[in-house]
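Grab a pencil and work through these exercises with the model open beside you. Each task comes with a solution that goes step by step.

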Amino acid sequence: MNILFHCTFSDQAEWFKSLKKKFKGHNFFTIKDKVNYSNINVAIIWNLPNNIFKKLVNVRLIFSLGAGVDHITNLPSYNGIPIIRIKDPNMRERMFNHALSQILNFQLKLTHYQKAQQKKIWLGDSPTPQNKDLRIGILGLGYLGSFVAKKLQKLNYQIIGYKKTHSKLKLSFKVFTGKKINDFISSSDIIVSILPSTEATRDFIDKKFLKKMKKNSLLINIGRGDSLCEKDLLSHLKVNKNCYVSLDVFKKEPLSKKHNFWKHPNIIITPHVAAVSDIESSINYMHDRFVTFKRKGNIESDVNLKKGY
Ligand code: GLV
């Protein structure tokens, strides 16, 4: 088969090398090659520009090099070709570790002590909440979100979840749906958003949402940047000095040097690293799906076009 590889990760060369090794016997191309795009059958991509994507008229399968598929579904020329996204236990564990690190940082006031250290101030002790005293709301209960929720619950945190619509998922915690969003927000001490990027999630965390949050609370966004209205967040933080935020994803990445988030005392920024794809396990996963696709001649898409993720 003829496979187009395109990726904007910093370790793209390593990905390419490992892919060629695992998919031995298939022909790999990148956009640097003089390739007749209509001969490409499979695309393995992250952030392929639309002007190239639209030339892939005979592609029958697309692999997303991450868990997210918005970089494909948002392309004007995307017309429903099956997409397989990475579902990797290593990625879930990374996501959980990242969320836990931010929860503990808030719970144990670590940033607060670090700032005091810079000024050589000995703040003395004060009791911090026990895990069982903190209610964590998980926004988005897909492959990653439901795992993060379950792992946090095992650590004795109180867990609640929110999903837009009812689902058959059997979960061991209360799940709010639809219009119950306000109850979900106002009863969470910490909200972890793992929402995908779709029409329905755009600016989901806006002025109204933020206003419903507890005065002393933490918002963690490890889903997609466009689910948060950045302007509304900055206005909210002006008057809510005990609202803390940890952001891994942004509307525009990399975050512009001029962005007001960088120096905000209540915001922790990480550069979209919460759940980086693991080369070896991702490639093994993709290869398994590729073998199924070749055997059956088709494959069911991971993406529900109606939902957009
Ligand atoms: C990362 O954001 C991913 O979609 O894998």
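Before starting, a word on naming: helices and strands are DSSP runs, numbered from the N terminus, with at least four residues for a helix and at least two for a strand. Keep in mind too that this is a predicted model.

**Exercise 1. Where is Pro 254 placed, and which peptide bond there is cis?**

Step 1: Find strand β12, which covers residues 267-269. Pro 254 belongs to the loop between β11 and β12.
Step 2: Check omega for the bond from Glu 253 to Pro 254: the angle is near -5°, and the bond is cis.
Step 3: Put that in context. Most peptide bonds are trans.

**Exercise 2. Classify the ring pair of Phe 5 and Phe 16: stacked or edge-to-face?**

Step 1: An aromatic pair is described by the distance of the centres and the angle of the planes. Ring centres must lie within 6.5 Å, and planes under 30 degrees apart count as stacked. The count under this rule is 13 aromatic pairs.
Step 2: For Phe 5 and Phe 16 the centres are 4.8 Å apart and the planes sit at 5°, so this pair is stacked.
Step 3: Place the partners. Phe 5 is in strand β1 (residues 2-6) and Phe 16 in helix α1 (residues 12-22), so to speak two distant parts of the chain, 11 residues apart.Step 4: Check burial. Phe 5 has a relative accessible area of 4% and is buried; Phe 16, at 17%, is buried as well.
Step 5: Look around the pair. Phe 5 and Phe 16 form one aromatic cluster with Phe 23, Phe 28 and Phe 290. Lys 20 lies over the face of Phe 16, 4.0 Å from the ring centre.

**Exercise 3. Classify the ring pair of Tyr 162 and Phe 204: stacked or tilted?**

Step 1: Stacked needs planes under 30 degrees apart, edge-to-face needs over 60, and the rest count as tilted.
Step 2: Tyr 162 and Phe 204 have ring centres 6.3 Å apart and planes at 35°, so the pair is tilted.
Step 3: Tyr 162 is in strand β7 (residues 158-163), while Phe 204 is in the loop between β9 (190-193) and α8 (207-212); the two are 42 residues apart.
Step 4: With 6% relative accessibility, Tyr 162 is buried.

**Exercise 4. Which residues are around the ligand, and how much of its area does the protein bury?**

Step 1: List the shell: Trp 46, Gly 66, Ala 67, Gly 68, Met 91, Arg 224 and His 272.
Step 2: Sort the shell by class. You get three nonpolar, three polar and one charged residues.
Step 3: Look at the ligand's oxygen atoms. One is 2.6 Å from a backbone N or O atom of Ala 67. A polar side-chain atom of Arg 224 is 2.7 Å from a ligand oxygen, and for an N or O atom in the side chain of His 272 the distance to a ligand oxygen is 2.5 Å.
Step 4: Now the area. Alone, the ligand exposes 190 Å², and the protein buries 87% of that.

**Exercise 5. What does the side chain of Asn 240 contact?**

Step 1: Find Asn 240 in the loop between α9 (230-239) and β11 (243-247). Its relative accessibility is 9%, which counts as buried.
Step 2: Follow the side chain of Asn 240 to the side chain of Lys 215, a polar contact at 3.0 Å.
Step 3: Then find the backbone oxygen of His 236, 2.9 Å from a polar atom of the Asn 240 side chain.

**Exercise 6. Asn 47 and Lys 120 have a positive phi: where do they lie, buried or exposed?**

Step 1: Recall that most residues other than glycine have a negative phi.
Step 2: Asn 47 has a phi of about 65°. Asn 47 is in the loop between β3 (42-45) and α2 (50-53) and is partly exposed at 38% relative accessibility.
Step 3: Lys 120 has a phi of about 55°. Lys 120 lies in the loop between α5 (110-118) and β6 (135-139) and is exposed, at 79%.

How values were computed. Residues numbered from 1 in each chain as written. Predicted model: local features only at pLDDT ≥ 70, side-chain atom pairs only at ≥ 80, totals over all residues. Heavy atoms only, no water. Phe/Tyr/Trp six-rings, centres within 6.5 Å; stacked < 30°, edge-to-face > 60°. Buried < 20%, exposed > 50% of the residue type's maximum accessible area, 1.4 Å probe, protein only. Lys NZ or Arg CZ within 6 Å of the ring centre and 35° of its normal. Near = heavy atom within 4 Å. Polar contact = N/O pair within 3.5 Å; in protein donor to acceptor, adjacent residues only side chain to side chain. Areas by Shrake-Rupley, 256 points an atom, 1.4 Å probe, with all protein chains shown as cover. Nonpolar A, V, L, I, M, F, W, Y, C, P; charged D, E, K, R; others polar.
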